[in-house]
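Work through these short exercises with the sequence and the model side by side. Try each task before you read its solution.

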Amino acid sequence: MQGPTLVTGAAGFVGGHLIDLLGARGIDVVAWYRTGGTAPPDNTPIASSSQTTWQAVDLLDAARVRREIAELKPAAVYHCAGAAHVGLSWGDTARTLAINVRGTHNLLEGIRHAKVPARVMIPSSALVYAPAERALSEDDPLTPTSPYALSKLAQEMEGVRAIGDGLGVMIARAFNHMGPRQDPHFAASGFARRIADIEAGRWEPEIAVGNLDAQRDLTDVRDTIRAYTSILERGIPGRPYNVCSGRTITIRELLDRLLARARVPVNVRVDQARLRPNDVPVILGNPARIRTELGWSADIPLDQTLDDLLNDWRARVQA
C-alpha cells in the first residue's frame with residue numbers, strides 16, 4: 001500500500017493552500033506544523049478533510065524527524081516549512097539558517113535512513129540568482145545577497161546531495177507569490193490588511209510604505225502550488241524550475257490597484273524606516289522551462305488575486 005503525502009509547514013501560507021489542493025484531489029495527507037503552533041491556525045480557514053492528519057513536529061529535532069518518517073513511509077513530500085521573510089532574515093540570521101538548512105537536512109536524512117522511495121519537492125527562491133534587470137532563467141548565475149537567499153541556495157544543495165544518495169528531489173525556484181491568508185509582513189497582504197482596518201474604522205486613513213519602485217514577478221499562490229504538484233509528479237530530480245509569470249508589476253501599481261478597491265479614501269506616506277538598503281530593484285523570471293516541459297502556466301488574473309486577498313482581510317477584520 002502506497003504511503004501518504006507529507007506536507008511540512010502545513011499550517012503556513014503556502015502549506016495551507018497546498019493542503020486544500022491535495023485534499024480536493026482526494027490525496028491522503030499527513031500535515032506537519034510547528035511545535036507549539038495550532039492545527040490549523042485560528043486565523044486560517046483551511047478546508048481540511050478527514051484525509052488530513054495533523055502532527056506537531058520540530059524539524060530541528062533530528063531524532064524525532066527520523067522516527068516519524070520511518071513510521072509514515074511517505075510516498076511524496078512537499079517541504080513547505082521554513083523561515084520565509086527576506087527582511088526578517090537580517091535580524092535573525094541564525095534562526096533562518098537553522099530552520100531552512102538544518103531542517104531540510106534532517107528531513108532528507110530521515111527519508112534516506114528510512115529507505116523510502118519518496119519524491120521530495122523543495123521550494124527554493126528566485127533570490128538565489130544574481131540580481132539582474134532582465135528575465136532570469138534557470139541557468140543564470142547563483143549569487144544570494146541576503147541570509148534568506150543563502151539559506152534557500154543551501155536547501156537546494158542539500159537536495160542535490162541527497163540525489164546522490166538515491167532520493168528523488170525536485171527543486172522549484174519560486175518568484176513572489178501572494179493571495180488570501182498571507183502574512184501581513186509581505187507587501188500586498190500588509191496593504192490589504194491596512195485597507196480593511198481603515199474601512200472598519202480601526203486605523204487612521206493612512207498607509208505607511210517603503211520602496212514603491214521595486215518591480216516584482218507576482219503569481220497567485222494557488223497557481224504556485226499547482227506548479228509544485230506538477231514539479232513533484234513530473235519534474236526531473238535536481239533540475240530547477242522557475243515558478244513565475246514572466247511579467248513584472250511595480251509595488252506602486254500593486255498598491256494603486258488595491259487602493260482603487262478601497263471603500264474609503266486612503267492616504268499614502270513614505271516611511272524611511274521601511275526602505276531596505278539591499279532591496280533588489282527588479283525580480284523577473286523566465287517560465288519557459290516549466291511551461292514547455294510540464295505544461296504549467298500562471299492562469300489566475302492579478303485582479304482576482306487582489307479581490308480575494310482584500311476580501312479575505314475584510315472577513316478577518318470583521319471576525
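A nonpolar core is a set of buried Ala, Val, Leu, Ile, Met, Phe, Trp, Tyr and Cys residues joined through side-chain atoms within 4.5 Å. Buried means under 20% relative accessible area, with a 1.4 Å probe and protein chains only. The model is predicted: local features need pLDDT of at least 70, side-chain atom pairs count only at pLDDT 80 or more, and totals for chains, interfaces and linings use all residues. Residues are numbered from 1 along each chain, and side-chain values use heavy atoms, without hydrogens and water.

**Exercise 1.** Find which residues have the most contacts inside the largest nonpolar core.

Solution. The largest core has 32 residues. Those with the most contacts are V7, Y78, M121, Y228, I231, V243 and I290. Elements that each supply at least two residues include β4, α7 (221-234) and α9 (288-294). A second, separate core has 25 residues, among them I198 and L254.

**Exercise 2.** Place strand β4 (residues 76-79) among its partners and faces.

Solution. Strands are DSSP E runs of at least two residues, and helices are H or I runs of at least four, numbered from the N terminus. Two strands pair if DSSP finds at least two bridges between them. Strand β1 (residues 5-8) pairs with β4 in the parallel sense over four bridges. There, V7 has Y78 as its bridge partner. β4 also pairs with β5 (residues 119-125), parallel, over three bridges. Here A76 is partnered by R119. Now the faces. In a regular strand the side chains alternate between the two faces of the sheet. In β4, A76 and Y78 lie on one side, V77 and H79 on the other, and all are buried.

Note on methods
Buried < 20%, exposed > 50% of the residue type's maximum accessible area, 1.4 Å probe, protein only.
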